[in-house]
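Q: Please take a close look at one helix of this protein for me, and tie it to the rest of the chain as you go. I'd enjoy one connected walk through its side chains and their partners.

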Amino acid sequence: MAVNDFDWINSAFGTATENLRAKAGSKVEETIREWLVERREIAREKLDEPKGSNPTRDSNATGALRTSVGWKPLVTNGEEVLLEIIAEDYWDRINSGVNGTKKSFGSKYSFSQLDFNNSFQRDISTWIRDRGIQPREPEMSHEQLSYVISRAVIRNGIMPVHFMDEAFSEEAIKDLAERLGKTVKRIFE
């Protein structure tokens, strides 16, 4: 059935058809945007939880990852709406975890399969500096500390956080579908 078959709707319902489109300012777009804001907050809250089982440890993510969780503008082609969720490029490794060389989380990522040259140790070194972490031993240099931590991370892996899995689960998608159904119903009431 072609979209043209429903041209009569425009003349019969006027602004209702405008609110059915997922374009900026429409009721459908508002519903989707509200849902996305809620989902982003759920992802951020999951990232803010204490890391591992120790409640005194910092959150599961850096501020860069936390603030990067968002979405691109809605894309519509007349038949479907594309919601594109975005985050820092390493988000899936935090979401899914990374198996260490000695410890496995059942992740699709593994330190034994990834090529880690000095860039990983440099990333750890930057992380140490950003957090103001100091070596316990006064004779240990910053570079030695970053080496020790990077080797420990490679050995023990990165525990999955599942922040995206939780925020954008099948249940969450069903919730969006229900909300859109209610929005459409209200438009025609």
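A: Among contacts between residues at least 6 apart in sequence, 57% join residues at least 24 apart in this chain. Please keep in mind that the model is predicted. Read along the sequence, the elements run α-α-α-α-β-β-β-β-α-α-α-α-α, which adds up to 9 helices and 4 strands. Of the 189 residues, 30% count as buried. The chain exposes about 12500 Å², and carbon and sulfur atoms supply 50% of that area.

Let's settle on helix 3, residues 27–48. Its 22 residues reach 32 Å from the first C-alpha to the last, close to the 32 Å expected at 1.5 Å a residue. The buried residues of helix 3 are Val28, Glu29, Thr31, Ile32, Trp35, Leu36, Arg39, Ala43, Arg44, Lys46 and Leu47. That list includes charged residues such as Glu29, Arg39, Arg44 and Lys46 alongside Val28, Ile32 and Leu36.

Trp35 is a good place to start. The ring of Trp35 pairs with that of Phe168: the centres are 5.9 Å apart and the planes stand at 70°, and because that angle is over 60 degrees the pair counts as edge-to-face. Phe168 belongs to the loop between helix 8 (163–167) and helix 9, so this pair links helix 3 to a part of the chain 133 residues away. Trp35 and Phe168 are both buried. Elsewhere, Phe111 and Phe120 have ring centres 5.6 Å apart and planes at 55°, so their pair is tilted. Phe111 and Phe120 are buried too. The whole structure holds 3 aromatic pairs.

Now for the charges further along helix 3. Glu41 has salt-bridge partners that include Arg40, with the closest N and O atoms 3.9 Å apart, and Arg44, with a closest approach of 3.5 Å. The 3.9 Å pair still counts because the cut-off for a salt bridge is 4 Å. Glu41 and Arg44 lie 3 residues apart in the helix, about one turn. In an α-helix there are 3.6 residues a turn, so residues three or four places apart point the same way. How exposed are these partners? Arg40 is partly exposed, with a relative accessible area of 21%, and Glu41 is partly exposed at 29%. Arg44, at 13%, counts as buried, because the limit for buried is under 20%.

A similar spacing turns up in helix 9 (residues 170–188), where Arg179 and Asp175 are 4 residues apart, about one helical turn. Their side chains meet in a salt bridge of 3.1 Å, N to O. Arg179 is partly exposed at 22%, as is Asp175 at 24%. Salt bridges that share partners join Glu38, Asp175 and Arg179 into one network. A search of the whole structure finds 11 salt bridges.

Finally, there is one more charged contact to look at away from helix 3. The charged end of Arg93 sits over the ring of Tyr109, 4.6 Å from the ring centre.

Definitions and conventions. Residues are numbered from 1 along each chain as its sequence is written. This is a predicted model: local features need pLDDT of at least 70, side-chain atom pairs count only at pLDDT 80 or more; totals for chains, interfaces and linings use all residues. Side-chain values use heavy atoms; hydrogens and water are left out. Helices (H or I, at least four residues) and strands (E, at least two) are DSSP runs, numbered from the N terminus. The expected span of a helix is 1.5 Å times one less than its number of residues. Buried means under 20% relative accessible area, exposed over 50%, partly exposed in between (1.4 Å probe, protein chains only). Contact means heavy atoms within 4.5 Å. Accessible areas come from the Shrake-Rupley method with a 1.4 Å probe; for residues, only the protein chains shown count as cover. Rings of Phe, Tyr and Trp (its six-membered ring) pair if their centres lie within 6.5 Å; planes under 30 degrees apart count as stacked, over 60 as edge-to-face and the rest as tilted. A charge sits over a ring if NZ of Lys or CZ of Arg is within 6 Å of the ring centre and within 35 degrees of the ring normal.
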